[in-house]
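Student: Could you take me through how to read the features of a structure like this one, moving from folds to interfaces and then to backbone details?

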Amino acid sequence: MKPASGAGVLRVVVDLNRCQGYAQCCYAAPDAFAIRGHEILFYDPAPPAERRGAIERALQACPVRAISLQAGPDDGDAP
Amino acid sequence: MSDDALFAAVMDPANRADPYPLYARLRERPVSRQRDGSYVVSTHAAIRSLLFDPRLSSEDLPPPRRPRTGNPLKDLILNPIKNRISATHRPFIFRDPPDHDRLRSLVMREFSIARVQALRPRIAQEVDALIDACRGRGEVCLVSDLSYPLPVTVICELLGVPRADEPRFQAWATQLATAVEPDARHDDATRRQIVGAFDEIAAYMGDLIREKRRRPTDDMLSGLAAPGPGGRKQMSDFDLLSTAVLLLVAGHETTVNLITNAMLTLLRHPEELERLRADPERAPRLIEEVLRYEPPVHFRTRKALGTITVAGETIPKGAPVILLFAAANRDPSRFQAPDRFDPDRGDIEHFGFGGGLHYCVGAPLARIEAEIALVALSRRLVAPRLAVDPPPYRPGASLRGPEELRIGIDGTA
Amino acid sequence: MTPEPAGIVVVGASLAGLRGAEALRRGGYDGPLTLVGAEPYRPYDRPPLSKHVLAGELAADATRLPELTDLRARWRLGSPAVSLDRASRTLRLGDGSVLAYEALLITTGAEARPWPAETGGGLAGIFTLRGRDDAAALREALVARPRQVLIVGGGLIGCEAASCLRDLGLPVTLVDPNPAPLARGLGGFVGGVIAGCLRDSGAMFRPGTMVRAFEGDAAGHVARARLADGSTIETNLVIAALGATRATGWLRGAGLRADAGGVTCDAACRVLAADGTPCPDIYAAGDVARWPIALYGHRLIAVEHWGNAIEQAAHAARNLLAGPGDQRPYTHLPAFWSSQFGVNIKLVGLPEGADSVAVVQGSRASRRFLAVYGRAGRSIAAVSFDQARWLPAYAEAITAGAPFPPINDATDRPRIETSAPGFPSLRTAPAHPAAETVHV
């Protein structure tokens, strides 16, 4: 099971309406994105911070720009 | 120049270095009928719409014909059979669903994430070796020193083609790549050369495939040639041959343009080269912007299977349709300041690898090669500058890129 | 108690609330911004809950949404809004506190329809699936390997859950009053494909009947379901997938057009007062908002889709910041996705009310196809089963009001098969809990 969000974790969401299953993210960041069956994208919404470079590659490589990654820290207010 | 002659001007080698003003004029009509009856589509919205339109066929090329030989056995029996085979077993980029989907998915299975990832260290090693070989020189030619040999080595390794054999089919590959250029289809002599090159390269590949079947190795060709479930062939021998030739040619003729165009653009924007040097993590966004700004493939041709209305224009059934990706990439109604090279633009939804069903199979590999090459070049070429600008271009208008790119350097680091 | 400074208050801290707040900041709003959320969590993504969280691939708390703009917001989480007083421009929260607002963006979303208490709703072992806590509780119950799971309702959530549970090897029965799953959303013609998937997965599918009541054991845990046809099903875990009601209870008495079907807006996303005039300072977006969709004859529809939450929230935020003379109508082509039984299902448009459906590419038998819905000769929606690459062409055709079917002469040139879509008629639809929703 993937770890919960917390310190040292990135936040990712993919717009699966936009996603066309090009699978470019899977090549760029295979630990965080995978295609199942013909075109179902499974991704890790909370990858560890050390994968940031790979996630950034995936985001850039997406032909339909469906991947969002939180760029900065939270605006502070807990929780 | 009249509007219906604009694409002929695009094809003119004199406009190779800067076709963008022509593209801007073409975009004034998103779908522009040309004198030869073809329809050029040049805006982002219209191309996006057509890329997903199932009425646009990729089986657009007329079946290639072998030239007459005077030998009745060949002219009356063998070559007509070969012609029919070439027409029905085209490479999958010239095929439609469902055949296209079946062949492509078999290729994708072999073009696995693990296999592509495993090439990273090999690519880095090869890039370093190629730059090492430039030591002590005051000038390099990027095309012959790096951006041609690198992808060729990589595709040979991936497919399992002995690198030492490469000089044998280099000329054939170049010849075959002209098959995507529209003027090639009008010109009988060129068509014959294409067929001839295909027959030569197919003979070579046929031998190699037989060898892979006898002694399989860990590469794509062995994987594609291996029996599928139930011991049956995954694809017919003819399809396997055309697929193998396609992958080899595509590996030869496209990534070279991506790397060369990227370096040319960076040398024209030295501040970006400097930023990359300081921060290699900029490479991915930089490559996407190159794919928008100076894409390796400028257009692809399709055929309308029905009457299609797009952007208020009607394309009649049977008409050739030219999807001018490179013009859409600079469409001001889609991109802010499209003629500015700006890797930090948030929105780079480009057609640098095409789109839809035929989205470039090799895109992930091209990205890796370009990233490793550009980062290494930015760090290892000392004080690089363009020796000639614009550089001379290769003849292709679709597969467009410099013939050579001479870069003055103060040595290598 | 000193009143907190007013500003814009976003009520509802899920996807629509978050993206609406971000759009306000991106639109240049620099004043106080407060987000009110009923749950004690920062905004999180719901679609994975009924898929990867149930399957155990993701923890229930792993789907927190990326925050894409520096919000500089005050978060009031864990306490829902309970009432609205438009005269004093204040709202009251569950913890008793009062918030003043200058403008309000309502994004309270929807709530899972619970199983009624009088027919066994209070029994242990009956779950709904909407929020993170629901998913965590259900996952925990699944880990204990229930003997027999009963899913009530063959909508998207019910089918996704059935798919996950079969992957986990759990015995599953799915009961739905219609002849096929997804029949209310996609019609029986397309839903029949999912019926095949359900059966192939090893699930028991019981169409055309419904659960009347649940009965418990001595410990108050659910033990069996009594069906309308007189039969019973032994079960020790129930998922009630009965659709959702819009979270509008807190607006009772506020003088707004709001009920369990949503809060009614004009085309610009402004909430309508009881007399039908738009409130200039109250907007709504997402699952809770019901607005006239031009493409579908200005019918008032609430669209419970992920994509609508984002787009409508951004649009409402834009109009909220614009002057009264610059209120733009919200135009949107509804779209959703679902993955179940290894198939990627995507829909564009609203198939409801279609009089015909045509498979334009692929085939139902291969479970890879694209089908278009038509009404009175126009194309109104399209659904794709593992053929998403073509969907944008059909989305364009639907937006343009193209004839039905919109595209002939496709590359794989299938024989175009036209059928009745097979929507259950309202007459035969049961009065009680069958509300089909298309949230994912």
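**Reading the model**

Tutor: This is a predicted model, and a convenient place to begin is chain A, which contains 2 helices and 4 strands. Taken from the N terminus on, the elements of chain A follow the order β-α-β-β-α-β.

Student: What share of the residues of chain A count as buried?

Tutor: Chain A has 79 residues, and 49% of them count as buried. Sequence separation adds to that picture: of the contacts in chain A between residues at least 6 apart in sequence, 67% join residues at least 24 apart.

Student: How many residues does the contact between chain A and chain C take from each chain?

Tutor: The general idea is that the size of an interface is often given as the accessible area lost when the parts come together. Here I will give residue counts instead: the contact takes 28 residues from chain A and 37 residues from chain C. On the side of chain A that touches chain C, strand 1 (12-14), strand 3 (40-43) and strand 4 (67-69) each supply at least two residues. By class, that side of chain A divides into 12 nonpolar, 9 polar and 7 charged residues.

Student: And how many residues of chain B are in contact with chain C?

Tutor: There, 13 residues of chain B are in contact with 12 residues of chain C, and the side belonging to chain B has 6 nonpolar, 4 polar and 3 charged residues.

Student: Turning to helices, what does the span of helix 15 of chain B look like beside the expected one?

Tutor: Helix 15 of chain B, residues 255-268, has 14 residues and reaches 20 Å from its first C-alpha to its last, which is close to the 20 Å expected at 1.5 Å a residue.

Student: Is helix 15 of chain B mostly covered or mostly uncovered?

Tutor: The general idea is that an α-helix has 3.6 residues a turn, so residues three or four places apart point the same way. In this case helix 15 of chain B is mostly covered, with 12 of its 14 residues buried; among them are Val256(B), Ile259(B), Met263(B) and Leu267(B).

Student: How should I describe the packing of helix 17 of chain B with helix 19 of chain B?

Tutor: Begin with the axes: those of helix 17 (residues 283-293) and helix 19 (residues 363-380) of chain B come within 10 Å and cross at roughly 115 degrees. Angles from 65 to 115 degrees count as roughly perpendicular, and these two helices of chain B are therefore roughly perpendicular to each other. Their crossing is right-handed. From helix 17 of chain B, Ala283(B), Pro284(B) and Ile287(B) meet Arg367(B), Ala370(B), Glu371(B), Leu374(B) and Val375(B) of helix 19, and by class this contact has 6 nonpolar, no polar and 2 charged residues.

Student: Which backbone details deserve a careful look?

Tutor: As background, most residues other than glycine have a negative phi, and most peptide bonds are trans. In chain B, the peptide bond from Asp389(B) to Pro390(B) is cis, with omega near 0 degrees, and Pro390(B) is found in the loop between strand 9 (385-386) and strand 10 (406-408). In chain C, the bond from Phe404(C) to Pro405(C) is also cis, with omega near -10 degrees.

Student: Where is Phe341(C), and is it buried or exposed?

Tutor: Phe341(C), which has a positive phi of about 55 degrees although it is not a glycine, is found in the loop between strand 24 (335-340) and strand 25 (343-349) of chain C. Phe341(C) is buried, with 22 other C-beta atoms within 10 Å. Ala337(B) also has a positive phi, of about 45 degrees, but Ala337(B) is exposed, with 10 other C-beta atoms within 10 Å.

Note on methods. Residues numbered from 1 in each chain as written. Chains lettered and ligands numbered in written order. Predicted model: local features only at pLDDT ≥ 70, side-chain atom pairs only at ≥ 80, totals over all residues. Buried ≥ 20, exposed ≤ 12 C-beta atoms within 10 Å, placed from the backbone. Contact = placed C-beta atoms within 7 Å. Nonpolar A, V, L, I, M, F, W, Y, C, P; charged D, E, K, R; others polar. Axes fitted to C-alpha atoms, helices over the stretch in contact; angles between N-to-C directions. Parallel < 35°, antiparallel > 145°, perpendicular 65-115°, else oblique. Left-handed = near helix turned anticlockwise from the far one by under 90°. Expected span 1.5 Å × (residues − 1).
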